[in-house]
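Please look through the sequence and the structure shown here before reading on. The paragraphs that follow go from the whole chains to single elements, and from there to a few residues.

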Amino acid sequence: MPKPKVAMYWLAGCGGCEESILDLGVDLLALTDRADIVFWPIAMDAKYRELDPLPDNSIDVVLINGAVRDEAQERMARLLRRKSKTVIAHGICAQAGGVPGLAGFHGRDKILQRAYQEVPSLESGGLPQAETQTDHARLRLPSLRESLVPLDRVIAVDYYLPGCPPPPELVKEALFNALDGELPERGSVLAESVALCRTCPRLASKPDTIHLKRFHRLYEVRWDPDRCFLEQGLICLGPATRGGCGAQCLKANMPCRGCFGPLDNVSDMGARVVAMLATLLDETDPEKLENIAAGVPDPAGLFYRYTLAASIIKRR
Amino acid sequence: MTGTEFEPKIVGFFCQWCADAAADAAGRARIALPPNLRVVRIMCSGRVAPEFILQAFAAGADGVLVAGCLDGNCHYKNGNVTALKRMAVLKTVLTPLGIDSERVRRVGIGADDAKGLARVVSDLVETVRRLGPQPRSE
């Protein structure tokens, strides 16, 4: 019997998700025993023109990491969708836009202007054009979309593997379960279905109710590494974030920043964080409440750090 | 856009015990509320998740009014305090999301205060009229 076929591809992301595949280590060898990797440009010599002639649905599982930022990525996403039985959005960028999705605060024109004209280390130059005519040829570049979108805005996605990047254990589980036909219901997120808080090693120190008069920044206080961050006035997104990461940041004494995205049935993670933090405030005077809230640096960038492109206001 | 003047669309989340009762009282007293208002009756202003407000804007609202009971008078003891706290935190993210924070307001209204409600709604309508339509990125 021929081995099942697996593919991996990288769209708008930093490459950390590709690392999460390499981090499988010896399990990567087990994967090659179990399946044929037919397309994985970062690790193998693969040409796009080899992908096109494959029959539709001939790839069993494809892991696609990164969001969709330009038209070439969109084309590849559609092509891989057509060739694959199961598409797994690999990492939070593919799932919800991730950090590159924060560009949504500014829009395409502003980020191009900033990156190509305003950055102090640049000599002022032109903006990249979709087409450039030289003496010898007409050169084409894929043009940027107005906004970055999560993968499921462009193609149907079967499963989501959250994280920045997803830990290798989850990648391994997703891949092997997919090959064994043991994945849950389509549309599932392949991680915990409870908040990170529930799996946090500091959970025991979290009181039933938290009463905060102000938020602190990490450098302002000497925090107790064994106690709940929130209870110490330090913002941690654990209660609003999906668990499954193994609480790696918490174990390294850093609060959660939400890279596992929201829990099921949440339409807007930033709004969940707003509601979560609001309940902790021990104040009823509107002006004082505003002052406490003003103590959060870059609140939108923090609450939506990985999910702006999937937010109610910015998703398109 | 046709050439007509901009009429703001205001979504009101009204708690059924006070704000919605005040809207009823306005009807009985023949006090007109601006036709810009679309009311969503809810049990308590503390039920208004921040998502509801964002969803209202995404669905075409130009302004949102969350109206509950007066301070200390919440039918459920402290739902209006929850609404107050959420509003304070929500306002910190509105500007970066492209929503002027003046477009969103939270008030407490007495169940019989029809005039007060009419004043609050009219004031928000005028504020939003001055700000113009909520820009949409479609």
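In this predicted model, chain A is built from twelve helices and nine strands. Its 316 residues would, if they formed a compact globule, give a radius of gyration near 20 Å, and the value of 22 Å found for chain A agrees with that expectation. Along the principal axes, the C-alpha trace of chain A extends over about 65 × 55 × 30 Å. Of the 316 residues in chain A, 42% are buried. If one considers the contacts in chain A between residues at least 6 apart in sequence, 77% of them join residues that are at least 24 apart.

Chain B can be described in the same terms. It has four helices and four strands, and from the N terminus onward these elements follow one another in the order β-α-β-α-β-α-β-α. For 138 residues the compact-globule rule gives a radius of gyration near 14 Å, and chain B, with 15 Å, agrees with it. The C-alpha atoms of chain B occupy a box of roughly 40 × 35 × 20 Å along the principal axes, and buried residues account for 52% of the 138 residues in the chain. Among the contacts in chain B between residues at least 6 apart in sequence, 80% join residues at least 24 apart.

As to confidence, the average pLDDT of chain B is 95, and 96% of its residues score at least 70. For the model, the scores are ipTM 0.94 and pTM 0.94. Where pLDDT is low, predicted coordinates should not be read in detail.

How many residues does each chain bring to the contact between chain A and chain B? Chain B contributes 22 residues and chain A contributes 24 residues. On the side of chain B that touches chain A, α2 (50–58) and α3 (79–94) of chain B each supply at least two residues. The largest share of that side, ten residues, comes from α3(B).

Within chain A, strand β1 (residues 5–10) is a useful place to begin a closer reading. Five of the six residues of β1 of chain A are buried, and the strand is therefore largely enclosed by the rest of the structure. Strand β1(A) is joined by three bridges to strand β2 (residues 36–39) of chain A, and these two strands run parallel. Five bridges join β1(A) to strand β3 (residues 59–65) of chain A, again in a parallel arrangement. One residue of β1(A) shows both pairings: Ala7(A) stands opposite Phe39(A) in β2(A), while its bridge partner in β3(A) is Val62(A). In a regular strand, the side chains alternate between the two faces of the sheet.

Helix α4 (residues 71–83) of chain A offers a check of geometry: at 1.5 Å a residue, its 13 residues should span 18 Å, and its end C-alpha atoms are in fact 18 Å apart, which agrees. Which residues of α4(A) are buried? They are Gln73(A), Met76(A), Ala77(A), Leu80(A) and Lys83(A). Because these residues cover an arc of only 135° around the axis, they lie on the same side of α4(A). An α-helix has 3.6 residues a turn, so residues three or four places apart point the same way. The partners of the buried residues of α4(A) are also known, for they pack against β1, α3 (48–51), β3, β4 (68–70) and β5 (84–90) of chain A. Strand β1 of chain A, described above as largely enclosed, is thus met again among the elements against which α4(A) packs.

Two further residues of chain A close this walk through the structure. Ala195(A) lies in the loop between α7 (168–179) and α8 (196–199) of chain A. Is Ala195(A) buried or exposed? With 21 C-beta neighbours inside 10 Å, Ala195(A) counts as buried, since 20 or more are needed for that class. Apart from neighbours within four places in sequence, Ala195(A) is in contact with Gly238(A), Pro239(A), Ala240(A), Thr241(A), Arg242(A), Gly243(A) and Leu263(A). Ala195(A) and Ala310(A), which are 115 residues apart in sequence, have C-alpha atoms 19 Å apart in space.

Asn291(A), by contrast, is found in helix α11 (residues 286–294) of chain A. It is partly exposed, with 13 other C-beta atoms within 10 Å. Asn291(A) and Arg214(A) are separated by 77 residues in sequence and by 8.4 Å in space, C-alpha to C-alpha.

Definitions and conventions:
Residues are numbered from 1 along each chain as its sequence is written. Chains are lettered from A and ligands numbered from 1 in the order in which they are written. A residue is buried if 20 or more other C-beta atoms lie within 10 Å of its own, exposed if 12 or fewer, and partly exposed in between; C-beta atoms are placed from the backbone. Two strands pair if DSSP finds at least two bridges between them. The expected span of a helix is 1.5 Å times one less than its number of residues. The arc is that of the directions from the helix axis to the C-beta atoms. Two residues are in contact if their C-beta atoms, placed from the backbone, lie within 7 Å. The radius of gyration is taken over C-alpha atoms; the globule rule is 2.2 Å times the number of residues to the power 0.38. pLDDT is the predictor's confidence in each residue, from 0 to 100.
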